[in-house]
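Hi everyone, thanks for having me. I'd like to walk you through one structure today, strand by strand and then side chain by side chain. Let's put it up on the screen.

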Amino acid sequence: QVQLVESGGGLVQPGGSLRLSCAASGSRFSIYGMGWYRQAPGKQRELVARITSGGSTNYADSVKGRFTISRDNAKKTVYLQMNRLKPEDTAVYHCNANYYNFEYWGQGTQVTVSS
């Protein structure tokens, strides 16, 4: 029903920045809460940041002050601005959309932070 496509990942040095984008299809984007999750090899998937349909945000403690989630409903896109990146941020980042018990996931984009 809802297609999500992430972009913006890549290789960056520690201390650098990246901006991830998640473009959504469909006509009901504005009603969904949106989130960014990440998963490193051998580790559990964790919530990085989320933003509600009303614009409220919350973040994992490990990224507070460094990452910012935002959304543009007209463009049907959610962003994750990632600053002062650390090697521990290396993971596959997935976009998520939810409305009550309905959930949709993107394919993921790789972020690698290394010297």
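Let's start with one pair of residues: F67 has M82 as its bridge partner in β8. Before we go on, please keep in mind that this is a predicted model. That pair belongs to a longer contact, since β7 and β8 are joined by six bridges and run antiparallel.

Now zoom out a little. Which strands form the open sheet, and in what order? There are four, arranged β1-β3-β8-β7, with antiparallel pairing. At the edges stand β1, residues 4–7, and β7, and each has a single partner strand, so one side of each has no neighbour in the sheet. If you ignore direction, neighbouring strands here are turned by 15 degrees against each other on average. As general background, strands of a sheet pair through backbone hydrogen bonds, either parallel or antiparallel.

Next, please find strand β11, residues 109–113. This strand pairs with β2, residues 10–12, in parallel through three bridges. One example to look for is V12, whose bridge partner in β11 is V113. β11 also pairs with β9, residues 91–99, again over three bridges, but here the sense is antiparallel. In that pairing, Y93 has T109 as its bridge partner in β11.

While we are on β11, look at its side chains. Which ones are buried? T109, V111 and V113 point to one face and are buried, whereas Q110 and T112 point to the other face and are not. In a regular strand, side chains alternate between the two faces of the sheet.

Let's move inside. The largest nonpolar core has 30 residues, and those touching the most other members are L4, M34, W36, L80 and Y93. You met Y93 a moment ago as the bridge partner of T109. Several strands supply at least two residues each to this core, among them β3, β4, β5 and β9. In soluble globular proteins, nonpolar side chains tend to be buried together.

Now for the charged side chains. How many salt bridges are there? The count is four, and I'll show you three that involve the residues R38, E46, R66 and D89.

First, E46 and R38 meet at 2.8 Å, N to O. E46 is partly exposed, with a relative accessible area of 33%, while R38 counts as buried at 5%.

R38 also forms a salt bridge with D89, at 2.9 Å. R38 sits in strand β4 and D89 in the loop between β8 and β9, so this pair ties together parts that are 51 residues apart in sequence.

D89 has another partner, R66, at 2.8 Å. R66 lies in the loop between β6 and β7, so its pairing with D89 ties together parts 23 residues apart in sequence. R66 is buried, with a relative accessible area of 6%, and D89 is buried too, at 2%. Through shared partners, R38, E46, R66 and D89 are joined into one network.

Last stop, the surface. Which residues make the nonpolar patch of about 380 Å²? Y99, Y100 and F102 do. F102 is found in strand β10, residues 102–105, and it is partly exposed, with a relative accessible area of 45%.

That's my tour. Thanks for listening, and I'm happy to take questions!

Terms used. Residues are numbered from 1 along each chain as its sequence is written. This is a predicted model: local features need pLDDT of at least 70, side-chain atom pairs count only at pLDDT 80 or more; totals for chains, interfaces and linings use all residues. Side-chain values use heavy atoms; hydrogens and water are left out. Buried means under 20% relative accessible area, exposed over 50%, partly exposed in between (1.4 Å probe, protein chains only). Two strands pair if DSSP finds at least two bridges between them. A nonpolar core is a set of buried Ala, Val, Leu, Ile, Met, Phe, Trp, Tyr and Cys residues joined through side-chain atoms within 4.5 Å. Patches are made of residues with over 30% relative accessible area and no salt bridge: like charges are joined within 9 Å, nonpolar side chains (Val, Leu, Ile, Met, Phe, Trp, Tyr) within 5 Å. Accessible areas come from the Shrake-Rupley method with a 1.4 Å probe; for residues, only the protein chains shown count as cover. Axes are lines fitted to C-alpha atoms, for helices over the stretch in contact, and angles run from 0 to 180 degrees between N-to-C directions.
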